[in-house]
Amino acid sequence: NLSVKLDRAFKTLKGQGSITEVNVASTIKEIRRALIDADVNYKVAKEVTDSIKEKALGRDVLIAVSPGQLLTKIVAEELTLLMGETNVPMDQTGNPNTILIAGLQGSGKTTFSGKLANMLKKQGRTVLLAACDVYRPAAIDQLKVLGEQIGVEVYTEPDEKNPVKIAKNAIKYAKEQGKKSLIIDTAGRLAVDEEMMQEISAIKKEINPSETLFVVDSMTGQDAVNTAAVFNERLDFDGVVLTKLDGDTRGGAALSIRKEVTKPIKFISTGEKMDAIDLFHPDRMAKRILGMGDVLSLVEKAQQNFDQEEARRINKKIKKNQFGFDDFLSQMEQIKKMGNIKDLLGMVPGVGKAIKDIDIDDDSLKPIEAIIKSMTPDERENPDLINGSRRQRIAKGSGTSVNQVNQLLKQFQQMRKMMKTMNKMGGAKALSNLMR
Ligand code: GDP
Ligand code: MG
């Protein structure tokens with residue numbers, strides 16, 4: 001089980017202040033093994049983990065986030081990035097908008113053709129399905145049944161043996177009938193063969209579709225990547241459809257295929273029913289590959305631990321009246337080094353919800369940072385020293401206004417008071433309050 005493995009891997013890192021070569025090595029190995037278990041091709045898994053290692057090494061760990069949490073985040077980000085970050089939409093231009101469906105037999109082409117037709121119909125488009133599988137009469141009937149089920153017309157020529165001709169006639173018919181979209185379902189073989197490749201390339205050449213989609217069964221694991229490579233070489237397809245993701249397959253094929261053919265995965269198929277179709281979302285797939293549901297609950301637990309520890313530390317400083325701007329600044333700088341502040345603050349319990357709708361970026365921290373840097377060490381340690389003339393000097397030195405300095409000081413005092421009274425609050429929460 002992947003989450004158990006990650007759990008173990010992250011435990012190794014727990015309680016260490018930064019990610020180093022030594023403490024990351026075994027974790028990276030675990031992650032690599034977990035990816036391979038999730039059907040990610042070995043070569044790809046190695047590349048991914050090497051890159052993750054590079055990104056993770058030397059990153060300081062925010063007090064609010066353990067190395068394990070940070071690493072989880074880096075891994076998820078890296079996987080998302082590798083799969084293209086966002087969904088790439090299908091080309092819907094053309095008159096009619098023509099979509100060619102290719103892939104091996106049994107990969108789910110006919111089923112997907114029906115689903116796509118259904119989806120487009122729901123968007124208000126008029127759709128025509130065309131049956132170009134000339135080898136199996138049953139395939140034509142299968143498409144007809146699906147068409148009836150979703151209320152979409154199916155174009156067939158039971159006596160024509162040339163799929164190129166059927167496809168061309170289907171386009172003509174779609175134009176005559178004023179259909180906006182035409183989905184061309186084709187024949188597949190059990191394995192890649194030359195005849196099939198010639199046939200599908202001929203159809204593509206002849207009709208020049210708006211979109212060529214390669215359909216592949218996610219359960220075929222490693223074979224899926226090889227098939228994708230062969231089809232891409234001959235067809236130069238526009239996108240991939242990953243089917244049968246409703247099974248216990250972990251979706252690693254998505255990562256391998258994307259990396260191998262550098263074409264976007266556009267749709268996923270998650271069942272035999274006509275509504276079991278989704279746009280492909282890289283971030284969701286990354287979570288699936290990582291089994292993030294479980295990892296996230298792990299992260300939450302770690303955060304609770306942090307809250308208590310951090311509260312104790314802050315408490316101590318406050319009791320001794322030692323929490324100053326230097327503590328504040330170092331926290332802030334660590335947060336900044338780690339990239340997206342909002343994401344990170346969002347990981348802190350209680351803060352996530354509060355800042356969800358607020359736009360926080362590095363720039364909003366710059367004046368605060370400048371003000372603190374214009375203070376003397378004494379002033380940072382004991383902000384009560386900062387009187388009127390000092391405020392003026394700090395404002396001038398930091399290129400801000402006295403008003404801004406006053407505001408920061410006021411908020412800082414409030415924060416100290418709040419920490420004193422509530423005892424439980426961590427620096428990160430106080431920081432987020434300051435940034436409001
Ligand atoms: P084709 O030969 O490529 O046209 O594949 P079909 O569309 O005929 O599908 C082959 C088999 O896979 C059929 O039994 C489908 O019901 C099934 N199938 C297709 N897509 C999915 C899916 O996303 N999930 C599941 N569980 N089964 C699917
Ligand atoms: Mg079929």
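pLDDT is the predictor's confidence in each residue, from 0 to 100. The model on screen is predicted, and this tour proceeds from the whole chain to the ligand and then to the regions of low confidence.

Begin with the entire protein in a secondary-structure representation: it comprises 20 helices and 8 strands. Of its 436 residues, 42% count as buried. Among contacts with a separation of 6 or more, 75% join residues 24 or more positions apart.

Next, select ligand 1 and the shell around it, which holds 17 residues. Gly 108, Lys 109, Thr 110, Thr 111 and Ser 269 are the closest. By character, the shell divides into 12 polar, 4 charged and 1 nonpolar. Highlight helix H5, residues 109-122: this helix gives the most to the shell, with 3 residues.

Then select residues 264-277, which an unreviewed UniProt entry lists as "domain: SRP54-type proteins GTP-binding". This segment is 43% strand and 0% helix, and its end C-alpha atoms are 16 Å apart.

Finally, colour the model by pLDDT. The average for the protein is 79, and 71% of the residues score at least 70. Of the elements, strand E3 (residues 153-155) has the highest mean, 98, and helix H15 (residues 351-355) the lowest, 43. Two further selections merit a visit. Over residues 337-341 pLDDT stays under 50, and the model has 9 contacts beyond four places in sequence for them. Over residues 422-436 pLDDT likewise stays under 50, with 38 such contacts beyond four places in sequence. Where pLDDT is low, predicted coordinates should not be read in detail.

For the complex, the predictor gives an ipTM of 0.99 and a pTM of 0.66.

Notes. Residues numbered from 1 in each chain as written. Chains lettered and ligands numbered in written order. Predicted model: local features only at pLDDT ≥ 70, side-chain atom pairs only at ≥ 80, totals over all residues. Near = placed C-beta within 6 Å. Helix = DSSP H or I, 4+ residues; strand = E, 2+ residues; numbered from the N terminus. Nonpolar A, V, L, I, M, F, W, Y, C, P; charged D, E, K, R; others polar. Buried ≥ 20, exposed ≤ 12 C-beta atoms within 10 Å, placed from the backbone. Contact = placed C-beta atoms within 7 Å. UniProt positions renumbered as here; feature names shortened; annotations may be inferred.
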